[in-house]
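Let's take a walk through this model together, starting from its open spaces and working towards its packed interior. Please keep the sequence and the 3D view side by side as you read.

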Amino acid sequence: MTELLTNPEAWAALLTLTALEIVLGIDNVIFLSVIVSRIPQPQATRARQIGLALALIFRILLLSVLVWLIGLTAPVVSVHGLDLSWRDLILIGGGLFLIAKATHEIHAEVEARESEQKGGGASGFLLVILQIIIIDLVFSLDSIITAIGMAQELEIMIAAVVIAVVIMYLSSGPVARFVAAHPTTKMLALAFLVLIGVALVADGFKFHIPRGYIYFAILFAVAVEFFNVLAGRNRRKHGS
């Protein structure tokens, strides 16, 4: 452990891996922000905290079973000559879940059914937690396999994951509040989830879409939406 603290290469690996884990965690934060907006604020805060705690637990547990995790990349089924592993099947399933969930939410927003917009009570809260658990598992798997490919020391991997989840926790509150306060931003976030779901399904079928393209599209759309929100605020200010 002391050797790692005094090793410049270990610090460089930690910084690089932490940055990558934060980028990979953007998807998780977007999903959390959208899904918790469906329940009342006190429950939403608790659901977000539980979701991020589960994300941290899942990542550390997966890191602790490296041998089993590496085995997930071994082919288990063949479809039309394409070998698929458990990791591929999980990514495909998780991607389809994201697409279906985001499509359902977009439909509910367009139909503007107030009764579906706030699912209070224990059943609504438990349903949100269940969906968070499912998607946390998918994102954790992709995140940890990336960590295994970039670092060799378990301590560096765990440290990077913990730092990334802490940053996710600090940013998830403001993001969730912003999404809840601006309906057009929520629709944009749901569109992101469809895009991310398509990318996960493509990865599962061995067709990798460079994440740089996806994150650039997200950043560009966020910048446009930011100026749109700013312009709307200025119009209301001058109108009053």
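**From pocket to core**

Helix H2 provides the largest share of the lining of the largest pocket, with seven residues. Helices here are DSSP runs of H or I with at least four residues, strands are E runs of at least two, and both are numbered from the N terminus. A pocket is an open set of points on a 1 Å grid over the protein atoms alone, with protein on both sides within 12 Å along at least five of seven lines, and lining residues have an atom within 4 Å of a point.

Do bear in mind that this is a predicted model, where local features need pLDDT of at least 70 and side-chain atom pairs count only at pLDDT 80 or more, while totals for chains, interfaces and linings use all residues. Residues are numbered from 1 along each chain as its sequence is written, and side-chain values use heavy atoms, leaving out hydrogens and water.

Back at the largest pocket, the volume is about 540 Å³, taken as the space filled by probe spheres set on points joined across faces, edges and corners. Its lining has 23 residues, and Ile26, Ile30, Val175, Ile218 and Val222 lie nearest the centre. H2, H8, H9 and H10 are the elements that each give two or more residues to this lining.

Now look for enclosed space. There are two cavities of 30 Å³ or more, a cavity being a set of points where a 1.4 Å probe fits but cannot get out. The second largest holds about 40 Å³ and is lined by Asp27, Ile196, Ala199, Arg211, Ile214 and Tyr215. H10 gives the most to that lining, with three residues.

Next comes the largest nonpolar core, with 34 residues; such a core joins buried Ala, Val, Leu, Ile, Met, Phe, Trp, Tyr and Cys residues through side-chain atoms within 4.5 Å. Buried means under 20% relative accessible area with a 1.4 Å probe, counting protein chains only. Phe31, Val36, Ala47, Leu98, Ile132, Leu193 and Leu200 have the most contacts inside this core. Leaving aside residues up to four places away in sequence, Ile132 touches Phe31, Leu32, Ile35, Val36, Ala47 and Gly51, contact meaning heavy atoms within 4.5 Å. Another core, of eleven residues, lies apart and includes Leu63, Ile156, Ala160 and Val161.

Finally, find the hairpin of E1 and E2, with two residues between the strands. In its turn, His80 has a positive phi of about 50 degrees.

How values were computed. Pairing = 2+ DSSP bridges. Buried < 20%, exposed > 50% of the residue type's maximum accessible area, 1.4 Å probe, protein only.
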